[in-house]
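Visitor: Could you walk me through this protein model, one step at a time?
Guide: Gladly! Take a look at it first, and then we can talk.

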Amino acid sequence: MTTAIICTAILSAMVFLLGFNVSRLRGVTGKAGGSQLPTDPTSPLLIAIRAHGNATEYVPTLIVLFLLVGARSPAAVAIPLIVGGTVARVLHAYNMLTTKRLWRATRRHYFSAFGTYAFGVALAVALLFTL
């Protein structure tokens with residue numbers, strides 16, 4: 001359960017840091033006279049908005065799964081799935097923030113997105129086996 005709590009804290013902090021980054025870039029963009037609703041796929045603000053939005057789409061469900069699987073499954077099952085899901089989400093945020101063009105995904109972007117799906121489904125299946 002300790003691993004579940006630590007990984008929950010990591011992902012929770014990441015969501016808030018990504019949100020802070022959006023606020024920071026809104027301030028920078030506003031001072032420069034730029035649009036607060038960018039559509040240019042190379043805009044750092046748009047990239048930050050999507051990185052934060054994407055994290056908020058998946059992190060809450062992962063956190064619930066982490067805590068339930070961490071509490072109900074054997075550590076040999078729970079720990080690799082929880083750590084894997086955390087690594088996938090952190091890498092995904094990093095990959096999004098370091099891209100030069102939002103809509104041009106790289107292999108590492110696909111890898112981290114697939115990791116989110118794979119570990120999320122595996123956590124859900126593991127949870128079913130605790131019934």
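What follows is a short conversation about this predicted model.

Visitor: How many helices and how many strands does the chain have?
Guide: Start by reading along the sequence, where the pattern is α-α-α-α. Every symbol in that pattern stands for a helix. The count is therefore 4 helices and 0 strands.

Visitor: What share of the residues counts as buried?
Guide: A residue is called buried when its relative accessible area is under 20%. The chain has 131 residues to which this cut-off is applied. The share that counts as buried is 41%.

Visitor: Among contacts between residues at least 6 apart in sequence, what percentage joins residues at least 24 apart?
Guide: A contact here means heavy atoms within 4.5 Å. Taking the contacts in the chain between residues at least 6 apart, we ask which of them join residues at least 24 apart. The answer is 74%.

Visitor: Is the aromatic pair of Y58 and Y117 stacked or edge-to-face?
Guide: A pair of aromatic rings is described by the distance of the centres and the angle of the planes. For Y58 and Y117, the centres are 5.9 Å apart and the planes meet at 65°. An angle over 60 degrees falls in one class, so this pair is edge-to-face.

Visitor: How many residues apart in sequence are the parts that this pair ties together?
Guide: Y58 sits in helix α2, residues 44-72, while Y117 belongs to helix α4, residues 107-128. The pair therefore ties together parts whose separation in sequence is 59 residues.

Visitor: Which residues form the salt bridge with the closest N and O atoms 3.4 Å apart?
Guide: Side chains of opposite charge can pair when their charged atoms come close. The cut-off for a salt bridge is 4 Å, and the structure holds 1 such bridge. Both partners are partly exposed, one at 46% relative accessible area and the other at 25%. They are E57 and R50.

Visitor: Which helix gives the largest share of the nonpolar patch on the surface?
Guide: The patch is formed by I79, V83, V87, L91 and F111, with about 420 Å² of accessible area together. One of these, L91, is partly exposed with a relative accessible area of 34%, and L91 lies in the helix you are asking about. The largest share, 4 residues, comes from residues 75-97, which is helix α3.

Key:
Residues are numbered from 1 along each chain as its sequence is written. This is a predicted model: local features need pLDDT of at least 70, side-chain atom pairs count only at pLDDT 80 or more; totals for chains, interfaces and linings use all residues. Side-chain values use heavy atoms; hydrogens and water are left out. Helices (H or I, at least four residues) and strands (E, at least two) are DSSP runs, numbered from the N terminus. Buried means under 20% relative accessible area, exposed over 50%, partly exposed in between (1.4 Å probe, protein chains only). Rings of Phe, Tyr and Trp (its six-membered ring) pair if their centres lie within 6.5 Å; planes under 30 degrees apart count as stacked, over 60 as edge-to-face and the rest as tilted. Patches are made of residues with over 30% relative accessible area and no salt bridge: like charges are joined within 9 Å, nonpolar side chains (Val, Leu, Ile, Met, Phe, Trp, Tyr) within 5 Å. Accessible areas come from the Shrake-Rupley method with a 1.4 Å probe; for residues, only the protein chains shown count as cover. A salt bridge is a side-chain nitrogen of Lys or Arg within 4 Å of a carboxyl oxygen of Asp or Glu.
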